[in-house]
Amino acid sequence: MALELKQSEFEIERDKNKCISCEVCVRQCSNDVHEYDSDQDTLYSDNSKCVGCRRCETLCPTGALKIRNREDQFKTNYNWTSSHLSNIYRQADSGGVLLTGMGSDRAHTVYWDHILFNAAQVTNPSIDPLREPMEIRTFIGRKPERLDFEINRNKDSKESLKDTNIKLKTKVPPQLDLSTPIMFSAMSYGSVSLNVCKSLAAAASEFGTYYNTGEGGLHKDLYGYAKNTIVQVASGRYGVDVDYLNKGAAVEIKIGQGAKPGIGGHLPGEKVTGDISNTRMIPEGTDAISPAPHHDIYSIEDLAQLIYALKEATNWLKPVGVKVSAVHNIAPIASGIVRAGADFVTIDGLRGGTGAAPQIIRDNVGIPIELAIASVDERLREEGIRYRSSIIAAGSIRSSADVIKAIALGADAVYIGTAALVAIGCHLCQKCYTGKCNWGIATQDPYLTKRLNPEIGTRKLLNLLRGWSLEIKEMLGGAGINAIESLKSNREHLRGINLNDRELAVLGIKHAGEAW
Amino acid sequence: MRERHGDCKMKKIYIQEEYCIGCRLCEIYCQVKHSKSKKIIKAFKEEMIDILPRVLVEEIGYNSFAIQCRHCSDAPCVEACISGAMQKNKNTGVVTCDEDKCVGCWSCIMVCPYGVIRRNLSGKKIASKCDLCIDEEIPVCVQNCPNEALKFMDKDAKEKNPVGTKTGRKNEK
Ligand code: SF4
Ligand code: SF4
Ligand code: SF4
Ligand code: SF4
């Protein structure tokens, strides 16, 4: 066999003075990197198999292990980077499309890091969220264009207001009620383990927010969390029937995903076993192929048909939304989706995560979420239809600051996927597509899935939601705002830094230092 | 030091085998706890020969669980002990082996239904078993289990919060 030219990305250092040959690392690595030699009472490691997930380093009881990135893999070259060379070597061996997992790791501009949030000084007072009421509750769904009231005034009464009976006449369309503007994005049972789904579902229901099934159907163990479930309908329609639709609190039609716009999905037959085949409602061992397009949607009119079919199927009781990836013409596309009757539009940006995607697509297709939200919000306002749909931003929301900036740019709420997985152990090794996730997340191997105890997972996710919500309240209070509603699309609270005029114009914000 | 209770209120170690990842960190920390120095690197590099883990991780395929002495209420090892070394403390309910009295006849090993007593042959032959880390708030195996597969609680708490969460939900029947 010809020599493979790809070089190890990582170098494993084991401090012999600390290693006690306990073999924890051997047992924890699903990539068989470490090996114990009993004759020599020594451990050996095969650098070339390591994916850099740091599982062994984290569990080693003596801190004997260090996983280091090999920066000197190849001679330094700013044009032909190590990743270009490695990819070419890998492809010269495989002849195939290079797969990867999680969101893009390329150095695309992260606009969040070029946007600064405001605070109140002198002219308007700031608010202490621990002592004064602070509302971050958010509703997702179509809002009425205007409100009509029925006012019955008791004519004889002198105290006019007291004896007035006011009733809301307008029928408010169904809404999702979020205790914090953060939800868990679509991650299917199949792409992640059932223990991950359980953790997400339990945390969402405990905190009063929502998680999303992704395109994998709804496992029966999750039925108890139905009130906090957004059920997805994607191009493969796996696991979709009228019961599934009615189990969820909302329905999301998935057209695209930020990590792979225009690309379908493929769960190989070997992975479609027992529970997964039941949940997806397909025979065991068959490939679960999600086509790139929905084969019944070739226009906004077709999309409208599906939206109304789903509303009909759920008795008009649930919001029906549409998820698209952020692409170049996202503003008119979103406008079309809103006009097609969607109650919410989810936009997933360039840096959004995935369980498996062609690397070339993930890193090169789509636009950053910050620009997409700003332009969609702007366009919907111009057209006077912003009230008809909520906007959910997704695609690499890394902190509460990103959440607050997304909302100030025009989103109603955000979806977090990667951040949620990181909270339960993901180390972003990007090997999700191999099914060997050492953290027990992106895998169905029973030896690995039990590494995530859903009790711990739920606790960690709840803590994350709690921490971010507190920080959001702090930031709102600092800016003198007492309700998240007042921040929506309030771009006066944002300033750009190190951005050019075009970028500022698209984001609709002033540069730092510019005042009104 | 934790409170001492009669047997029914006694806190014991329970295992959630579906979350045991077979890392054996429980065994390792048990060994450290019962070493002279109590320092992990020193214990393993210099005292290793003397210390046996008193918790045992059993593995078949991908199933694994850690088992240690159940501190049975009608402990057969206490009955079987010919020298009076194996005793069940009336206050704490903890079954311990007095190493000075133990004569290494292995009668206890023959009768233990869980197979959790091991032969310590490093010096004078003695029976080695879990002492529930009586001087610790929480036994070290429980403290150091990275996936909370081991829980230390009394029977009431166990029934209230049944071991073996199937849904990740608290207090679900
Ligand atoms: S886990 Fe750490 S101490 Fe144990 S064998 Fe591996 S490197 Fe050595
Ligand atoms: S793949 Fe992960 S567990 Fe295995 S050696 Fe590398 S960092 Fe450690
Ligand atoms: S989910 Fe698992 S495989 Fe995927 S990046 Fe995270 S740790 Fe790696
Ligand atoms: S430390 Fe916990 S997870 Fe590891 S082997 Fe022991 S009981 Fe199992």
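Which residues of α1(B) are buried? They are B:L25, B:C26, B:E27, B:I28, B:C30, B:Q31, B:V32 and B:K33. The legends below describe close-up views of a predicted model.

**Figure 1. Chain A as a whole.**
Chain A of this predicted model contains 15 helices and 23 strands. Its radius of gyration is 25 Å, which agrees with the value near 24 Å for a compact globule of 516 residues. Along the principal axes, the C-alpha atoms of chain A fill a box of roughly 100 × 60 × 40 Å. Of the 516 residues in chain A, 53% are buried. When contacts between residues at least 6 apart in sequence are taken, 69% of those in chain A join residues at least 24 apart. The exposed area of chain A is about 23,500 Å², and 50% of this area comes from carbon and sulfur atoms. Chain A carries 60 positive and 61 negative side chains, with the centres of the two sets 3 Å apart.

**Figure 2. Strand β13 of chain A at A:V231.**
A:V231 belongs to strand β13, which covers residues 229–233 of chain A. Its relative accessibility is 0%, so A:V231 counts as buried. A:T213 is 18 residues from A:V231 in sequence, and the two C-alpha atoms are 5.3 Å apart in space. A:T213 is also one of the contacts of A:V231 beyond four places in sequence. The others are A:Y244, A:L245, A:G248, A:A250, A:V251 and A:E252.

**Figure 3. Strand β13 of chain A at A:T229.**
A:T229 is also placed in strand β13 of chain A. A relative accessible area of 0% makes A:T229 buried. The side chain of A:T229 forms a polar contact of 3.3 Å with the side chain of A:Y211. With neighbours within four places in sequence set aside, A:T229 is in contact with A:Y210, A:Y211, A:T213, A:L218, A:G248, A:A249 and A:A250. A:T213, A:G248 and A:A250 thus appear among the contacts of both A:T229 and A:V231.

**Figure 4. The loop at A:D41.**
A:D41 sits in the loop of chain A that runs between β2 (34–37) and β3 (42–45). Is A:D41 buried or partly exposed? Its relative accessibility is 44%, so A:D41 counts as partly exposed. Residues up to four places away in sequence are not counted in its contacts, and A:D41 then touches A:S21 and A:Y36. From A:D41 to A:I20 the separation is 21 residues in sequence, and 9.5 Å in space from C-alpha to C-alpha.

**Figure 5. The loop at A:M281.**
A:M281 lies in the chain A loop between α6 (274–280) and β16 (288–290). Although A:M281 is not a glycine, its phi is positive, at about 60°. Most residues other than glycine have a negative phi. The relative accessibility of A:M281 is 45%, so this residue counts as partly exposed.

**Figure 6. Chain B as a whole.**
Chain B has 6 helices and 8 strands. Read from the N terminus, its elements follow the order β-α-α-β-β-α-β-β-α-β-β-α-β-α. Buried residues account for 47% of the 173 residues of chain B. Among contacts between residues at least 6 apart in sequence, 59% of those in chain B are between residues at least 24 apart. Chain B exposes about 9,300 Å², with carbon and sulfur atoms supplying 51%.

**Figure 7. Helix α1 of chain B and the loop at B:H34.**
In α1(B), 8 of the 9 residues are buried, and the helix is mostly covered. B:C30 is one of these buried residues. B:H34 is found in the loop that connects α1 (25–33) and α2 (40–47) of chain B. A polar atom of the B:H34 side chain lies 2.9 Å from the backbone oxygen of B:C30. The relative accessible area of B:H34 is 19%, and buried means under 20%, so B:H34 counts as buried. Beyond four places in sequence, B:H34 is in contact with B:I51, B:R54 and B:D131.

**Figure 8. The loop at B:E148.**
B:E148 is in the loop of chain B between α5 (140–143) and β8 (150–153). B:E148 is not a glycine, yet its phi is positive, at about 50°. With a relative accessibility of 23%, B:E148 counts as partly exposed.

Notes. Residues are numbered from 1 along each chain as its sequence is written. Chains are lettered from A and ligands numbered from 1 in the order in which they are written. This is a predicted model: local features need pLDDT of at least 70, side-chain atom pairs count only at pLDDT 80 or more; totals for chains, interfaces and linings use all residues. Side-chain values use heavy atoms; hydrogens and water are left out. Helices (H or I, at least four residues) and strands (E, at least two) are DSSP runs, numbered from the N terminus. The radius of gyration is taken over C-alpha atoms; the globule rule is 2.2 Å times the number of residues to the power 0.38. Buried means under 20% relative accessible area, exposed over 50%, partly exposed in between (1.4 Å probe, protein chains only). Contact means heavy atoms within 4.5 Å. Accessible areas come from the Shrake-Rupley method with a 1.4 Å probe; for residues, only the protein chains shown count as cover. Lys and Arg count as positive and Asp and Glu as negative; His and the chain ends are not counted. The place of a charge is taken as NZ of Lys, CZ of Arg, CG of Asp or CD of Glu. A polar contact is a pair of N or O atoms within 3.5 Å; within protein, one must be able to donate a hydrogen and the other to accept it, and residues adjacent in sequence count only if both atoms are side-chain atoms.
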